[in-house]
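Biologist: Could you take me through one part of this protein slowly? I'd like a close look at the empty space in it, and then at what sits around that space.

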Amino acid sequence: MTLQKDMIFKHKYIQREEIMEYIKPSKDEPAIENKLKDNYYYMSLGKYFSTKAPGGKFARVQFTHGISQVIAVMKYGKARIYINAYVEESGAVNTLVFDLREVFDKIVVNQENQNHGTDSDYEQWLYNVFKIAHFDKHNLCLFEDYQGGIIDDDEYFSAIGVCLIDYFDTTFNAFTPWASVVNKVLNALDTINGFEGKNKLNRLTKKDVDAAAISYPMIFWIVIALGFVAIIGGILLIALNSAWPAVVNWILGIIMILAGLFFGPMMIWTYKTDVKEYNTNSGDALKKAIKPSKHLFNTLG
């Protein structure tokens, strides 16, 4: 397999204090991250690997104006798969680069440490995995000297990436093409390793991806609950409180009811709207789901 070294975008390797720990953000990083979260392409990726993926983790290497790099991690049997994701400033997930060295070491060779970086057997195995995954050549990127963003991992190794430009799979939501890519790689790993039926290690499902993509933080549901409490409190204040003048009861009661309606039923309506727009790929969800726009790496096609 001939692996190419020339690439349009040359990513920077950044050391971090601990494996998969967030680096200290620069002044612009919080603002950049918040902008990325507006896009379902990025948001769904982060939420799935943070909440649903087996042994999942999600961490940033760097957030910059232009291209940001994050690492998604998941367990595959006794090994871990590292996925270096390159994200455009709009939040569009552009390219996923797969680091499968642990899978080769711990499952294929069944040893903790191997010289996979220069081992032609690893390169051939990697090629076979992606041949089984059957990606179009216009989406494939090959790297001979790739280096990820994990501390103390200064090895340059062979890797294969998948560009998401013009990539679509009806098996998954249009906002989560990355899930199809990961699913194909996991299925290919199961096939090449002979894991079938109940022994399959691929646990990725559309149900989990969708559930993560449209999930809201606990504080959201707490605020809704408090909203309904405010509505009930306002009604009770107007109907039962005799300690204060009636006009005070009415003013405070109406304020509590209106606030409760905003933070209760209105937020539930907002949630239902978001779910509908996500499932139908319409409305504000579609406006915010900006697709990748430029090739960061040369592809085979």
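How do the residues of the lining of the largest pocket divide into nonpolar, polar and charged?

Modeller: Keep in mind that this is a predicted model. The lining of the largest pocket splits into seven nonpolar, three polar and seven charged residues. The space inside that pocket comes to about 360 Å³. Its lining has 17 residues, and the ones closest to the centre are Tyr40, Met43, Tyr216, Asp274 and Lys288. Three elements each give two or more residues to this lining: α2 (40-51), α9 (265-280) and α10 (283-288). The biggest giver is α9, with four residues.

Let's follow α2 away from the pocket, since α2 also packs on a sheet, where it touches β1, β2 (67-76), β3 and β4. The direction of α2 makes about 130° with that of β1. The sheet itself is open and has six strands in the order β1-β2-β3-β4-β6-β5, with antiparallel pairing. At its edges are β1 (57-62) and β5 (140-146), each of which pairs on one side only. If you ignore direction, neighbouring strands here are turned by 25° against each other on average.

For a closer look at one pair, take β3 (residues 79-88) and β4 (residues 93-99): they run antiparallel and are joined by six bridges. One residue pair to click on is Ala85 with its bridge partner in β4, Leu96. Another helix, α4, packs on the sheet as well, touching β4, β5 and β6 (157-163). The direction of α4 makes about 15° with that of β6.

Now for the partner helix of α4. Helix α4 (residues 120-133) packs with helix α5 (residues 177-193) at an angle of about 115°, and their axes are 8 Å apart. The crossing of α4 past α5 is right-handed. On the α4 side, the contact is made by Trp125, Asn128, Val129, Phe130, Ile132 and Ala133. On the α5 side, you'll find Lys184, Val185, Ala188, Leu189, Thr191, Ile192 and Asn193. Sorted by class, that contact has nine nonpolar residues, three polar and one charged.

Back to empty space, to finish. Besides the pocket, the structure holds one cavity of 30 Å³ or more. The space in the largest cavity is about 30 Å³. Its lining is made of Ile71, Tyr82, Asn84, Asp99, Arg101, Gly148, Gly149, Ile150 and Asp153. By class, this lining has three nonpolar, three polar and three charged residues. So if you're clicking around, put that next to the pocket lining, with its seven nonpolar, three polar and seven charged residues.

How values were computed:
Residues are numbered from 1 along each chain as its sequence is written. This is a predicted model: local features need pLDDT of at least 70, side-chain atom pairs count only at pLDDT 80 or more; totals for chains, interfaces and linings use all residues. Side-chain values use heavy atoms; hydrogens and water are left out. On a 1 Å grid over the protein atoms alone, a cavity is a set of points where a 1.4 Å probe fits but cannot get out, and a pocket is an open set with protein on both sides within 12 Å along at least five of seven lines; lining residues have an atom within 4 Å of a point. Grid points are joined across faces, edges and corners, and a volume is the space filled by probe spheres set on the points. Axes are lines fitted to C-alpha atoms, for helices over the stretch in contact, and angles run from 0 to 180 degrees between N-to-C directions. A crossing is left-handed if the near helix is turned anticlockwise from the far one by less than a right angle, and right-handed if clockwise. Contact means heavy atoms within 4.5 Å. Two strands pair if DSSP finds at least two bridges between them.
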